[in-house]
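Me: I'm new to this one and would like a close look at a single part of it. Could you walk me through it slowly?
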Amino acid sequence: MRLVKMVLGVALLGFASPAALAATQVGDVARVEVVFVLDTTGSMGDLIDGAKRKIWSIANTIVEQNPEADVAMGLVAFRDRGDEYVVKTHQMTEDLQSLYGRLVKFEADGGDDTPESVNEALAVAVSDINWSKGDNVRRIVFLVGDAPPHMDYPDDRPYTEVLMEAKQRGIIVNAVQAGDMDETRDVWKDIAQRGAGRYMAIPQDGGEVVVIVSPYDDEIRELQEELDHSVVPFGGVEQREEVKQKMADRAAAPSSTQVENSKYYAKRAKKEVVTGGGDLLADVRNGSVRLEDVKDAELPAALQELGAAARKAWVDEKLKARVALENKMEALMAMRDVFVAEEGKKTARAESLDSFDRAVEETIRVQVK
């Protein structure tokens, strides 16, 4: 009965082929993988800027559906032949903090004509991304762009062929059209139908980015600073510097993005301050490393001179202080969620899919259930 209700819900929300999704809807989802195939030509500048701000709210949508699931994302940026690059790929990773750092460096440029290298980008997303195997993985692609594909490149795999492979591999392909180009609309609808996904039309600039400021946001950011100060980078020089850069990227983000970022860590079952490892406290707590196996040279100076028992006591004390901060953050987030839900009702945010983040979030809610 649960499966029947789910498939009916998908059909009512406008998916082209509910039956094609049935095989991926059975059982508990232990992992959710999302890849954005994003047109980064000049006409997409405003939408890309909005995506940078909303990537954490999109991740939170997944966590809200299933806080126990592992979440991984990838990115395939594309332009066209003759531009600075045709396709630029960031492989699937659970290290969303690192992916965010890469996303904020993306700038829209090139293009100035149509079509674009959509076929090549989709082929990379389906065939070259490191998708996980298994029946309890939800695999989702969002194609986002405003121009149709080049169908005159003889060495390209046409999207019709690529989408047959996507179906075989259990990958849902959604198509988000920016702007109102008729040729794009026809192809995007065909892609969504063949990909067992959803077609969505949004304004060229990505639509209004709705930001709800709560009375708890300042305290959340201050508390996040305390949590960041509790991080204990360890390992080689490169790993330590990467951890520091991730926290710097968070601190440099707009305030609303910082709050959504903090929410992601607060809501997840797996407790971290930054994704991707490299924080001694989180890695020990989550079982990624054993404290006794870490080499002296890879430990912070405060621990290098201590014996094994003293090191464990030091880590335990730091973790106890962190747990207290995390509990406070969870309580703040719970109050913020109530406030945001009430404000959201006033703006009828959930009833409209006319922006990038709303379209993606609502689609994820259905496809991740």
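Let's take helix H7: which residues are exposed on the other side of H7, away from the buried ones?

Reply: Those are Asp-182, Asp-186 and Gln-193. Here "exposed" means over 50% relative accessible area, "buried" means under 20%, and partly exposed is in between (1.4 Å probe, protein chains only). A word on the ground rules: this is a predicted model, where local features need pLDDT of at least 70 and side-chain atom pairs count only at pLDDT 80 or more, while totals for chains, interfaces and linings use all residues. Residues are numbered from 1 along each chain as its sequence is written, and side-chain values use heavy atoms, with hydrogens and water left out.

Now the helix itself. Helices (H or I, at least four residues) and strands (E, at least two) are DSSP runs, numbered from the N terminus. H7 covers residues 182–194, and at 1.5 Å a residue its 13 residues should span 18 Å; the end C-alpha atoms are 19 Å apart, which agrees. That expected span is 1.5 Å times one less than the number of residues.

So what about the covered side? Thr-184, Val-187, Trp-188, Ile-191 and Ala-192 are the buried ones in H7. They sit on the same side of H7 because they cover an arc of only 140° around the axis. The arc is taken from the directions running from the helix axis to the C-beta atoms.

Several neighbours cover those buried residues, including helices H5 (118–128) and H6 (159–168) and strands S4 (137–145), S5 (171–178) and S6 (199–202). Contact here means heavy atoms within 4.5 Å.

Two of those neighbours tie in with H7 in another way: S5, H7 and S6 make a right-handed β-α-β unit. Right-handed means that, with the strands pointing away from the viewer, the path from the first strand over the helix to the second runs clockwise. S5 and S6 run parallel and are joined by 4 bridges; strands pair if DSSP finds at least two bridges between them. In that pairing, Ala-178 stands opposite Ile-202 in S6.

S6 has two faces of its own: Met-200 and Ile-202 are on the covered one, whereas Tyr-199 and Ala-201 are on the uncovered one. One last detail: just after H7, Ala-196 takes a positive phi of about 55°.
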